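This report concerns a single protein chain. Its overall form is treated before its largest pocket.

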Amino acid sequence: MKIEFLAIPEVALITPPRFQDNRGFFSETYNAERLKEAGIHLPFVQDNQSLSTQRGVVRGLHCQLAPYAQGKLVRCTQGSIWDVAIDARTGSPTYGQWVGAELSADNWSQLWVPPGFLHGFCTLTDNVMVQYKCTGLFNKASERAVRWDCKDLAIDWPIKKEEAILSEKDAQNPGFSEAKGWFSYP
């Protein structure tokens, strides 16, 4: 399992190996010991899966407040996405900064998004399947979100604004200034 920490050092790109033969492949997509060795050692308590049928679907930027804050281990098992993590921890040296990575069924990479970060993605193909493990259970009352195209964040999305397909809820998300104080660092 290849584990590479990105420009925000708490966020990691994880690529499990695939062992292929004439029948297909086998891959160990999660190994608690390997992640613990890399400093990622929160227990996962919930698995989620989404299907987006069109290119340009944007989901996010989402998080949950403590005590229900969630870390997420995100992977794309069909199609491809541009996945982003934004540091929302007030006082962090990387507060308001983002990192992104393409996750796809082809590259088999996963993104570790720690608690205290906003998370979102956009689909790069039609019929995209995304699965992610969460370190906290969903709690509606602690759910928060920020607008995907917030100018303060200047995320370099690979789609144009007019191509974005949003839920009604995500289309009304506030700007990043609303996130001040949602999380603290360390």
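The account below begins with the fold as a whole and then turns to the pocket lining.

The model is predicted. Its protein chain contains two helices and 15 strands. Along the principal axes, the C-alpha trace extends over about 50 × 40 × 30 Å. The radius of gyration of the protein chain is 16 Å, and this agrees with a compact globule because such a globule of 186 residues would have a value near 16 Å. Of the 186 residues, 48% are buried. Contacts between residues at least 6 apart in sequence join, in 81% of cases, residues at least 24 apart. The exposed area of the protein chain is about 9,500 Å², of which carbon and sulfur atoms supply 50%.

The largest pocket holds about 450 Å³ of space. It is lined by 24 residues, and those closest to its centre are R59, H62, K72, Y132 and E143. Five elements are listed below, each of which gives two or more residues to this lining.

| Element | Residue range |
|---|---|
| Strand 5 | 46-52 |
| Strand 6 | 58-64 |
| Strand 12 | 117-123 |
| Strand 14 | 143-145 |
| Helix 2 | 168-171 |

Strand 6 makes the greatest contribution to the lining of the largest pocket, with five residues. In terms of residue class, the lining comprises 10 polar, eight nonpolar and six charged residues.

Definitions and conventions
Residues are numbered from 1 along each chain as its sequence is written. This is a predicted model: local features need pLDDT of at least 70, side-chain atom pairs count only at pLDDT 80 or more; totals for chains, interfaces and linings use all residues. Side-chain values use heavy atoms; hydrogens and water are left out. On a 1 Å grid over the protein atoms alone, a cavity is a set of points where a 1.4 Å probe fits but cannot get out, and a pocket is an open set with protein on both sides within 12 Å along at least five of seven lines; lining residues have an atom within 4 Å of a point. Grid points are joined across faces, edges and corners, and a volume is the space filled by probe spheres set on the points. Helices (H or I, at least four residues) and strands (E, at least two) are DSSP runs, numbered from the N terminus. Ala, Val, Leu, Ile, Met, Phe, Trp, Tyr, Cys and Pro count as nonpolar, Asp, Glu, Lys and Arg as charged, and the others, Gly among them, as polar. The radius of gyration is taken over C-alpha atoms; the globule rule is 2.2 Å times the number of residues to the power 0.38. Buried means under 20% relative accessible area, exposed over 50%, partly exposed in between (1.4 Å probe, protein chains only). Contact means heavy atoms within 4.5 Å. Accessible areas come from the Shrake-Rupley method with a 1.4 Å probe; for residues, only the protein chains shown count as cover.
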